[in-house]
Amino acid sequence: MEEHKITSREVLKTYFEKGDNPTQDQFAELIDSLKHKEDLTTGKEAVMFANSLASMDNGFINYYINLDNGGKEVKFPLVISQDGTEDQIIEIGNTYGSEKRQYFLDNGPYTVKAKKFPKEGLNNYEYYRLYYQIESNYGIYRYFGNNLPTIPEGFEFGTLIDKRLVFQIYKENLGQQLNIVNTNIKFVNYTDLPIQYRLDSGNWGHRFVDKDIVTDHYNLWDYLYFYYRADLTKATQNIECRIYNDDSGQFLTTGYLYAGQNNLNNWGGGSVYGIRNIRIECSYQDNQNNQINFK
């Protein structure tokens, strides 16, 4: 075989068809077509490989796991699901102060779930603190382990809006026990446009939804912040989302969605402290007299 000449797979297969007697040269062509584990990568091959990675359009995870577990390795497996493709399992562990990246198979969309997160390796008032981003304009915190439940198998972090999943886990000593408190959120949309909301609290968050939920935030930070999103680029009326104490009917705060804009992560106007039942009502604003047009 001529030096540097590459024999195609189709030609190589013809050497080994039923009844053939491959020659020494044909076996040599097959061997020379393979990459041996003892072969050194040339500079040209390294550049070609780096360029191929740079041009990849697949989604990926950037992760940073900073744990001191006395040398014991702890793994946090994630399941990456895509339509028509077998699930991909990615096991992430301690990155020892650096950030690492792994690519997903195929091109998405990608739905990310937990497989089985551990809760061992914690002492006294230590907890695992998780931070993740499924889209670029906000992130979500969660604690787990110790007296708190672990992240359960099948827990859905969400479907990636962008190609990049950010995932970080730290170990934290809070100096006291952390407990979960629940607030019931009732969501009422009086408009004919899709509206979503999300909640934030201290070291806790929830992704955007358009339905009723029950929070599982923490007693040390028993307050909630509200954010809204809706595409009103073709709308002519603003929308107001009013928050009420659903037990007493007391009005608490108002958030706004603006006509002519794609509202992606709008501030909800204030925070709510220690209330167990909340109602959100979204309705068109009367632009002429700035009154709420609730049904």
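The questions and answers below concern a predicted model of one chain.

Student: Is N58 buried or exposed?
Tutor: N58 sits in the loop between α3 (43–54) and β1 (60–66). The cut-off for buried is under 20% relative accessible area. N58 has a relative accessible area of 17%, so N58 is buried.

Student: Which backbone oxygen lies 2.8 Å from a polar atom of the side chain of N58?
Tutor: Leaving aside residues up to four places away in sequence, N58 touches Y103, F104, L105, D106, N107, Y110 and K163. The backbone oxygen of D106 lies 3.0 Å from a polar atom of the N58 side chain. At 2.8 Å from such an atom lies the backbone oxygen of F104.

Student: Which strands are the edges of the sheet β3-β2-β5-β8?
Tutor: This open sheet has four strands with antiparallel pairing, in the order β3-β2-β5-β8. An edge strand here pairs on one side only, and that applies to β3 (85–92) and β8 (156–159).

Student: Which residue in β3 stands opposite L78?
Tutor: Strand β2 (residues 76–82) and β3 run antiparallel and are joined by six bridges. Opposite L78, in β3, stands I90.

Student: In β13, what is the bridge partner of D200?
Tutor: A second open sheet of four strands has the order β13-β12-β16-β19, again with antiparallel pairing. Its edge strands are β13 (204–205) and β19 (262–273). Strand β12 (residues 196–201) pairs with β13 over two bridges. The partner of D200 in β13 is G205.

Student: With which residue does R198 form a salt bridge?
Tutor: R198 is buried, with a relative accessible area of 4%. Its partner is also buried, at 16%. The closest N and O atoms of the pair are 3.2 Å apart, and the partner is D200.

Student: How many residues apart in sequence are the parts tied together by R229 and E135?
Tutor: The side chains of R229 and E135 meet in a salt bridge with an N to O distance of 2.9 Å. R229 counts as buried at 18% relative accessibility, and E135 is buried at 7%. Because R229 lies in strand β16 (residues 223–231) and E135 in strand β6 (residues 126–135), the parts they tie together are 94 residues apart in sequence.

Student: Where does D216 lie, and how accessible is D216?
Tutor: D216 forms a salt bridge with R142, with the closest N and O atoms 3.1 Å apart. D216 lies in the loop between β14 (213–214) and β15 (217–218), and R142 in strand β7 (residues 138–144), so the pair ties together parts 74 residues apart in sequence. R142 is buried, at 9% relative accessible area. D216 is partly exposed, with a relative accessible area of 26%.

Student: Which residues are joined into one network by salt bridges that share partners?
Tutor: The count of salt bridges comes to nine. R198 and D200 form one of them. The network that arises through shared partners joins D246, R279 and E281.

Student: What is the torsion about the S-S bond of C241 and C282?
Tutor: The count comes to one disulfide, and it joins C241 to C282 with an S to S distance of 2.1 Å. C241 is in strand β17 (residues 239–245) and C282 in strand β20 (residues 277–286), 41 residues apart. C241 is buried, with a relative accessible area of 0%, and C282 is buried at 0% too. The disulfide is right-handed because the torsion is about 110°.

Definitions and conventions. Residues numbered from 1 in each chain as written. Predicted model: local features only at pLDDT ≥ 70, side-chain atom pairs only at ≥ 80, totals over all residues. Heavy atoms only, no water. Buried < 20%, exposed > 50% of the residue type's maximum accessible area, 1.4 Å probe, protein only. Polar contact = N/O pair within 3.5 Å; in protein donor to acceptor, adjacent residues only side chain to side chain. Contact = heavy atoms within 4.5 Å. Pairing = 2+ DSSP bridges. Disulfide = S-S within 2.5 Å. Salt bridge = Lys/Arg side-chain N within 4 Å of Asp/Glu carboxyl O.
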